[in-house]
Amino acid sequence: MKPQEALSPASKGSTNEALWDSLQRAIRSRMKPEQFETWFRRAALASIDGEVVRIAVQNTFSRDWLRTYYAEALAESVREVLHETRRVEVTVDPELSLQAAPVPAAPQAQVSRGPLATAPTPAGAPAGADRTLAREAHAIGSARTSEGARGLLATSDVGLNPKYTFDNFVVGPCNRFAHAAALGSAEAPGKAYNPFFLHGSVGLGKTHLLQSLCWAILDRAPRARILFLSCETFVNHFINSLENGDIAKFRNKYRNVDVLVVDDIHLLANKERTQEEFFHTFNTLYQSGKQIVLSSDSPPKDIPSLQERLVSRFKWGLVTEVEPPCFETRMAILKRKSRERGRELTDEIASLLAERIDSNIRELEGAVTKLLGFAGVSGLPISADLAREALRELFHARRGQPSMEDILTLVTEHFGVKLSDLQSKKRTNAIAYPRQVAMYLARQITRHSLEGIGGFFGGRDHSTVIYAVEKIQTLHDQDPATRALLDGFLGRLQAPHA
Ligand code: ADP
Ligand code: MG
């Protein structure tokens, strides 16, 4: 199939169509054919004005991928075609998946079933060779097809991100269990936990863990038939298939895999027919012992209008949560992300950032990128001043929510104890009481879990935190002096900061 024939630009007038044709040619000239096939074949020109050229792709994964890896190619292509610089934005238009349907290459044709299966794998070749091959095949998302290879390997139409591996995943109290469960599922697919249901709010590493699981399975069994996709793709593909009357093909694709991984399954909310279909997909796979892995922004019971039978099935295996990272984990992530980009962060700088970004790991990553970019451009060493300069908004605007560090500072200052004492094993009243107060305050005003809070105090477990919170709550309720003290703390912590 020639790529040109597969293009389906949004019809926004012939001028735009011609422009999009030229843009696509320019884009295509900047990459390998399979990259163009994977990322740009179904893209469309969404809009163009004097300032911005907007390019639409079918899902958020493609959007993020384009933003990360193809920003430059896009900017250059626009400059080449328009003879001037414009900002290029990438947006999501789920309808693109629908538009792609009538084209001979339905989404299925994007399944990378080529390289792995067709590449001759000499008997006795080192396992590593296969693994590398597998990584390349998945990462590039090659569109090479081979009928002989059908069914041998199925991945999503977007490929796996080579960076999302267990090796690159920082483990802390917030995600230890989820990490272990993902490892377990990868080691014994279909046996350890089925389904494996991972939930947590955005930017906490769900997609990263799910893809790590896929990579780990591929490492052991490079020919495993893994289907990784976002729920959005499942929904779109299902709608497509209904419209085109090839539901049998759809079912064949989703029910003939060893591992089905659906990211963001909460997007099934309020989609009756797709839920129905997914129910049958689930049953078929489950009954034949195939591994099902799901991620969601909320636990099964909280997904709006999710059919009860799906809720109960999602709970059959293991349901686990990734929580916001505690301070130490944030430090470790910052350092790791920086090291991955070739620079080391000192403890001082890492803690400066970790204090201010306390929920979302994607934001931690963004801060590192910004800081290193700033240091690179300015040629200055990474100092606290440079960090303040580079991340100005972090240091000024975002002081609304009190952080764990605010609480610890307040409590250590008031009681005249050291942070290391609070984190030590000491249980004298002079130390235990301030520690319990700090735990109580953390429970009241931060979003950290019990385990997360325990992590700030030398890794104490959640029952210790529960005990502390209950004890201080009782004092608060029964003793006016304690109540005044605690309310004073809360008032100061929640007062707007400078
Ligand atoms: P989610 O799917 O939960 O929204 P992602 O998996 O997309 O979150 O994670 C957001 C970003 O943060 C990704 O770049 C991911 O690599 C990174 N990330 C998340 N958790 C970790 C972790 N524990 N260690 C290293 N990187 C992480
Ligand atoms: Mg995700």
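Contact here means heavy atoms within 4.5 Å. The exercises below concern a predicted model.

**Exercise 1.** Which residues does leucine 371 touch, not counting residues up to four places away in sequence? Place leucine 371 in the nonpolar core.

Solution.
- Step 1. Apply the contact cut-off and drop the sequence neighbours up to four places away; leucine 371 then touches Leu345, Ile349, Leu353, Ile382, Leu386, Ala387, Ala390 and Leu391.
- Step 2. Turn to the largest nonpolar core, which has 55 residues. Leu371, Leu441 and Phe457 are the members that touch the most other members.
- Step 3. Look up the helix that gives the most to this core: helix α22, residues 429–445, with nine residues.
- Step 4. As background, nonpolar side chains in soluble globular proteins tend to be buried together.

**Exercise 2.** Which parts of the chain does the salt bridge between glutamate 80 and arginine 30 link? State how accessible glutamate 80 is and how accessible arginine 30 is.

Solution.
- Step 1. Check the distance: the N to O separation between the side chains of glutamate 80 and arginine 30 is 2.9 Å, and the cut-off for a salt bridge is 4 Å.
- Step 2. Locate the partners. Glutamate 80 belongs to helix α5 (residues 71–82), while arginine 30 sits in the loop between α2 (14–28) and α3 (33–40). The two are 50 residues apart, and the pair links distant parts of the chain.
- Step 3. Read the accessibility. Glutamate 80 has a relative accessible area of 42% and is therefore partly exposed; arginine 30, with 29%, is also partly exposed.
- Step 4. Extend the pair to its network: salt bridges link Arg30, Glu76 and Glu80.

**Exercise 3.** Which helices hold arginine 309 and glutamate 276? Classify each residue by accessibility.

Solution.
- Step 1. Confirm the salt bridge: the side chains of arginine 309 and glutamate 276 meet at 3.0 Å, N to O.
- Step 2. Assign the helices. Arginine 309 is in helix α14 (residues 308–314) and glutamate 276 is in helix α13 (residues 272–287), so the salt bridge ties together parts 33 residues apart in sequence.
- Step 3. Classify. Arginine 309 is partly exposed at 29% relative accessibility, and glutamate 276 is partly exposed at 35%.

**Exercise 4.** Is arginine 356 buried or exposed? Treat its partner glutamate 355 in the same way.

Solution.
- Step 1. Identify the pair: glutamate 355 and arginine 356 form a salt bridge, with their closest N and O atoms 3.3 Å apart.
- Step 2. Apply the limit of 20% for buried residues. Arginine 356, at 18% relative accessibility, counts as buried.
- Step 3. Glutamate 355 has a relative accessible area of 28%, so glutamate 355 is partly exposed.

**Exercise 5.** How many salt bridges does the rule give?

Solution. The count comes to 19.

Note on methods:
Residues numbered from 1 in each chain as written. Chains lettered and ligands numbered in written order. Predicted model: local features only at pLDDT ≥ 70, side-chain atom pairs only at ≥ 80, totals over all residues. Heavy atoms only, no water. Helix = DSSP H or I, 4+ residues; strand = E, 2+ residues; numbered from the N terminus. Buried < 20%, exposed > 50% of the residue type's maximum accessible area, 1.4 Å probe, protein only. Core = buried A, V, L, I, M, F, W, Y, C linked by side-chain atoms within 4.5 Å.
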